[in-house]
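Please open the model in a viewer and keep the sequence panel beside it. The tour below proceeds by selection, and each stop states what is found there.

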Amino acid sequence: MIELINIVLLGLLVITALAAIRLHDLFAVTIMFGIYSLLAAAVFVVLDAVDVAFTEAAVGVGISTILMLATIGLVGRQEKPPSHRPLLPLVVVIVTGAALVYGTFDMPPFAAPDAPVQQHVAPRYLEQSPHEIGIPNVVTAVLASYRGYDTLGELTVIFTAGVGVLVLLGFRRRRSHMADSPEEES
Amino acid sequence: MLTLVTIALLAAMGMALIRAIKGPTVYDRILASNTFSTKTVLMISVLGFLTGESEVYLDIALMYALVGFIVTVAVLKVSEFGDLGQSRPDSGENRQ
């Protein structure tokens with residue numbers, strides 16, 4: 001059953017990605033990206049990565065779609081014709097992808113219990129975190145306590161990126177405010 | 001029973017996706033995306049009952065429903081006004 005769900009969801013993901021590339025109406029492309037994020041989050045839920053699915057729902061479906069819609073308000077709805085040939089980037093992407101796929105052949109199979117990542121500190125977290133932290137969810141204990149500084153750094157990066165995007169989007173309005181104020185005084 | 005429901009949901013997701021790709025007007029696409037988000041919420045709930053830990057999955061499904069509503073409102077606003085209201089409060093462009 002899970003196999004069937006996985007196959008259908010991944011197939012729909014591929015179709016959505018191809019449609020997002022082929023369409024030229026940026027509004028429709030934004031909607032396709034929203035559908036893509038919903039599908040990716042559903043795949044994460046099937047893979048039992050519930051916290052990643054939460055993040056994907058909040059950021060991928062919610063915030064990034066709204067940011068792209070705000071950008072459409074600034075740049076217009078039609079895609080401009082590309083100014084360069086896509087041949088060289090395509091070759092680079094294919095070579096990089098082939099190298100990455102070749103690299104995965106050396107990795108242990110998905111969720112193998114004897115993989116190095118499952119042997120290093122994970123058993124200690126699983127055994128000790130209920131006593132040391134007292135949180136029933138081990139993933140939350142690792143993220144919020146064992147790797148607390150790491151999570152704080154990630155939050156700083158995300159906050160900085162959000163402030164940068166807000167500054168970019170609100171730039172035009174603030175400048176027209178400044179241009180208006182001398183007229184109102186005179 | 002759950003298997004039947006899952007297959008029906010996957011088929012409905014596929015049909016909504018076809019409408020989102022083909023949809024001649026903007027409103028077809030908005031309706032397709034809204035339908036798709038509803039189907040995802042139902043899909044996650046069914047997955048919760050398939051795996052037996054439904055309470056965690058139902059929380060995620062609730063959050064998806066909320067986010068889907070916000071996105072639908074934003075999409076409708078852009079399709080009506082052309083942007084999310086960046087240039088509206090001060091009518092600076094009208095005065096020039």
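Select B:E55 first; this residue counts as exposed because its relative accessibility is 53%, where exposed means over 50% relative accessible area, buried under 20%, and partly exposed in between (1.4 Å probe, protein chains only). The model is predicted: local features need pLDDT of at least 70, side-chain atom pairs count only at pLDDT 80 or more, and totals for chains, interfaces and linings use all residues. Residues are numbered from 1 along each chain as its sequence is written, chains are lettered from A and ligands numbered from 1 in the order in which they are written, and side-chain values use heavy atoms, with hydrogens and water left out.

B:E55 belongs to helix α3 of chain B, residues 54-81; helices are DSSP runs (H or I, at least four residues) and strands likewise (E, at least two), numbered from the N terminus. Now add A:D48, B:E53 and B:D59 to the selection: together with B:E55 they form a patch of negative charge on the surface. Such patches consist of residues with over 30% relative accessible area and no salt bridge, like charges being joined within 9 Å and nonpolar side chains (Val, Leu, Ile, Met, Phe, Trp, Tyr) within 5 Å. Asp and Glu count as negative, Lys and Arg as positive, while His and the chain ends are not counted; the charge is placed at CG of Asp, CD of Glu, NZ of Lys or CZ of Arg.

Next, display chain B alone. Its elements run α-α-α-α from the N terminus, with 4 helices and 0 strands. Of its 96 residues, 46% are buried. An unreviewed UniProt entry lists residues 30-50 and 57-76 of this chain as "transmembrane region"; UniProt positions follow the numbering used here, feature names are shortened, and annotations may be inferred rather than shown by experiment. Residues 30-50 of chain B are 100% helix, with end C-alpha atoms 30 Å apart. Residues 57-76 of chain B are also 100% helix, and their end C-alpha atoms are 29 Å apart.

Restore chain A and select A:M1, A:I2, A:L4, B:L2, B:I7, B:F49, B:L50 and B:L58, which make a nonpolar surface patch of about 610 Å² (accessible areas come from the Shrake-Rupley method with a 1.4 Å probe; for residues, only the protein chains shown count as cover). Two or more residues of this patch come from each of α1 (2-22) of chain A and α1 (2-22) and α2 (26-51) of chain B. A:I2, in helix α1 of chain A, counts as partly exposed because its relative accessibility is 34%.

Which residues meet in the salt bridge of this structure? Select A:E132 and A:R124, whose side chains pair at 2.8 Å, N to O; a salt bridge requires a side-chain nitrogen of Lys or Arg within 4 Å of a carboxyl oxygen of Asp or Glu. The structure holds 1 salt bridge over all chains. A:E132 is partly exposed at 39% relative accessibility, as is A:R124 at 41%.

Move to A:S129, in helix α6 of chain A, residues 122-132. A:S129 is buried, at 1% relative accessibility. Its C-alpha atom is 9.6 Å from that of A:S145, 16 residues apart along the chain.

Finally, select A:V50, in helix α3 of chain A, residues 50-75. A:V50 is buried at 15% relative accessibility. The C-alpha atoms of A:V50 and A:V139 lie 9.9 Å apart, with these positions 89 residues apart in sequence numbering.
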